[in-house]
Amino acid sequence: MEYLNHGVIIHAVNDKQTIEALEVLPQFKGKFTNGITIGEKVSILINKFGIPRSIDSSIARYPAKGIHFTLKENVLIGAYVFSEK
């Protein structure tokens, strides 16, 4: 299901009975845990959210927290939020 006006896509499995992940798009205007918002610099993300388990030029991974932030030019542009496993 896509809610592009809100910047969210819901990925579901099992005949759409179980949400697998939420994809957060650049137009998302809400806040994540600790006040993180789209457009934050990576340094702010790390300061507020902690050191990621892994990071490269396009993604900062926090699997224990159930979130991967997507990056472009050291700026947060989106995220995937999923159930912690």
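## Exercises on a predicted model

In this protein, 24% of the contacts with a separation of 6 or more link residues 24 or more positions apart. Keep in mind that you're working with a predicted model.

### Exercise 1: Get the layout

Work out how many helices and strands the protein has, and in which order they come.

**Solution.**
- Step 1: Start with the count. You should find one helix and seven strands.
- Step 2: Now walk along from the N terminus. The order reads β-β-β-α-β-β-β-β.
- Step 3: Add some overall numbers. The protein has 85 residues, and 33% of them count as buried. The protein exposes about 5,700 Å², with carbon and sulfur atoms supplying 53% of that area.

### Exercise 2: Follow strand β7

Find out which strands β7 pairs with, and in which sense.

**Solution.**
- Step 1: Look at β3 (residues 18-24) beside β7 (residues 75-82). These two strands run antiparallel and are joined by four bridges. As an example, Leu22 has Val81 in β7 as its bridge partner.
- Step 2: Turn to β6. This strand also pairs with β7 in the antiparallel sense, over six bridges. Here you can spot Phe69 standing opposite Ala79 in β7.
- Step 3: Check how β6 leads into β7. The two form a hairpin with two residues between the strands, and Glu73 in that hairpin takes a positive phi near 50 degrees.

### Exercise 3: Is Thr70 buried or exposed?

Decide whether Thr70 is buried or exposed, and list what it touches.

**Solution.**
- Step 1: Place the residue. Thr70 sits in strand β6, which covers residues 67-72.
- Step 2: Apply the cut-off. Buried means under 20% relative accessible area. Thr70 has 18% relative accessibility, so it counts as buried.
- Step 3: List the contacts, skipping neighbours within four places in sequence. Thr70 then touches Ser58, Ile59, Val75, Leu76, Ile77, Gly78, Ala79 and Tyr80.

### Exercise 4: Glu23 and its partner

Say where Glu23 lies, how accessible it is, and which side chain it meets in a polar contact.

**Solution.**
- Step 1: Glu23 belongs to strand β3.
- Step 2: Glu23 counts as buried because its relative accessibility is 16%.
- Step 3: Follow the side chain of Glu23, and you'll reach the side chain of Tyr80, with a polar contact at 3.3 Å. Tyr80 has turned up before, among the contacts of Thr70.

### Exercise 5: Hunt for salt bridges

Find the two salt bridges of the structure and sort their residues by burial.

**Solution.**
- Step 1: Take Lys48 and Glu40. Their closest N and O atoms are 3.6 Å apart, and they form a salt bridge.
- Step 2: Sort this pair. Lys48, at 35% relative accessibility, counts as partly exposed, whereas Glu40, at 15%, counts as buried.
- Step 3: Go on to Asp56 and Arg61, whose side chains meet in a salt bridge at 3.8 Å, N to O.
- Step 4: Sort that pair as well. Asp56 is partly exposed at 37% relative accessibility, and Arg61 is partly exposed at 28%.

### Exercise 6: A patch on the surface

Name the residues that make the nonpolar surface patch, and place Ile46 in the secondary structure.

**Solution.**
- Step 1: The patch is made by Ile46, Ile51 and Ile55, and covers about 290 Å².
- Step 2: Ile46 is part of helix α1, residues 42-49.
- Step 3: Ile46 has 30% relative accessibility, so it counts as partly exposed.

Definitions and conventions:
Residues are numbered from 1 along each chain as its sequence is written. This is a predicted model: local features need pLDDT of at least 70, side-chain atom pairs count only at pLDDT 80 or more; totals for chains, interfaces and linings use all residues. Side-chain values use heavy atoms; hydrogens and water are left out. Buried means under 20% relative accessible area, exposed over 50%, partly exposed in between (1.4 Å probe, protein chains only). Contact means heavy atoms within 4.5 Å. Accessible areas come from the Shrake-Rupley method with a 1.4 Å probe; for residues, only the protein chains shown count as cover. Two strands pair if DSSP finds at least two bridges between them. A salt bridge is a side-chain nitrogen of Lys or Arg within 4 Å of a carboxyl oxygen of Asp or Glu. Patches are made of residues with over 30% relative accessible area and no salt bridge: like charges are joined within 9 Å, nonpolar side chains (Val, Leu, Ile, Met, Phe, Trp, Tyr) within 5 Å. A polar contact is a pair of N or O atoms within 3.5 Å; within protein, one must be able to donate a hydrogen and the other to accept it, and residues adjacent in sequence count only if both atoms are side-chain atoms.
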